[in-house]
Amino acid sequence: MPDFLTEISSQTEINFLGSLTTVITAFALGILVSLTYMKTYSKGQHSKNFMLALVMVPSIIAIIILLVGSNIARAFSLAGAFSIIRFRSTPGDPKDIAYVFFAMAAGLACGTGLLSYAIMFTILLCLFMVILCKINFGNNNESLKILKIVIPEDLDYHGIFDDIFDRYTTNIELITVKTTNLGTLYELVYEIVIKDSSNEKKFIDALRCRNGNLNISLSMKPETKDKF
């Protein structure tokens, strides 16, 4: 066999047992990352698809690194293949994006053969994430709520509730004004932060006296459902 063919053949050889160990390790680390995400998730029900993605991403990255190796031509071929893929997703939560990079880093470490480092760093980062979640790190202890007030069409809403807001809230922002009931009523939508949640009833009663006892609703600001 010519020398250049022998060189190409040696470049394309992949150790089967080593590759199998790498992929299995990456898969196990993906499961660990996914379990950590579920443990630290605090927005209700998490996405099953996102969980599966976190499990598979390390294995996929590890396989890509194994296939590319040090072959420059193969690297360019894979880059061209991935460039034609169009990813469709909504902007995710920064925490979710961090977990995606976390999973990618675990797969990258496995693919380059640094299995012991991949295991060590993954366990450490998972432990850090659980600790940060347990101590509620970054929580500002303020609940942003949505306040909806219905007022008559002849009532000027500019400054009409300012004294009540100053008494019961720390932050207030008018985000929407719209007409309802064929234009005979206005609905005002505010984002607010209440000083003391125990005073919510007094707050609503004060607003009712000002808006003629029309509808008032106070609710938590809904979280945006993030998709991967």
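The exercises below, each with a worked solution, look at a strand, its neighbours, some aromatic rings and one serine in a predicted model.

In this predicted model, local features need pLDDT of at least 70 and side-chain atom pairs count only at pLDDT 80 or more, while totals for chains, interfaces and linings use all residues. Residues are numbered from 1 along each chain as its sequence is written, and side-chain values use heavy atoms, with hydrogens and water left out.

**Exercise 1.** Work out which strands pair with strand 3 and in which direction they run.

*Solution.* Begin with the terms: strands (E, at least two residues) and helices (H or I, at least four) are DSSP runs, numbered from the N terminus, and two strands pair if DSSP finds at least two bridges between them. Strand 1 (residues 144–152) is joined to strand 3 by nine bridges, and the two run antiparallel; within this pairing, isoleucine 149 stands opposite leucine 188. Next, strand 2 (residues 169–180) is joined to strand 3 by 10 bridges, again in an antiparallel arrangement, and here isoleucine 172 has isoleucine 192 as its bridge partner. Finally, the hairpin of strand 2 and strand 3 has four residues between the strands, and in this hairpin asparagine 181 takes a positive phi near 55 degrees.

**Exercise 2.** Decide whether strand 3 is mostly covered or mostly uncovered.

*Solution.* A residue is buried when its relative accessible area is under 20%, exposed when over 50%, and partly exposed in between (1.4 Å probe, protein chains only). Strand 3 spans residues 185–194, and nine of its 10 residues are buried, so the strand is mostly covered. One residue of strand 3, tyrosine 190, counts as buried because its relative accessibility is 6%.

**Exercise 3.** Classify the ring pairs that phenylalanine 165 forms with phenylalanine 161 and with tyrosine 190.

*Solution.* Rings of Phe, Tyr and Trp (its six-membered ring) pair if their centres lie within 6.5 Å; planes under 30 degrees apart count as stacked, over 60 as edge-to-face and the rest as tilted. The whole structure holds 10 aromatic pairs. For phenylalanine 161 and phenylalanine 165, the centres are 6.0 Å apart and the planes meet at 50 degrees, so this pair is tilted. For phenylalanine 165 and tyrosine 190, the centres are 5.0 Å apart and the planes meet at 65 degrees, so this pair is edge-to-face. The latter pair links distant parts of the chain, 25 residues apart, with phenylalanine 165 in helix 7 (residues 162–168) and tyrosine 190 in strand 3.

**Exercise 4.** Describe the surroundings of serine 34.

*Solution.* Serine 34 lies in helix 2 (residues 16–40), and it counts as buried because its relative accessibility is 4%. With contact meaning heavy atoms within 4.5 Å, serine 34 touches Met51, Leu54 and Val55, not counting residues up to four places away in sequence.
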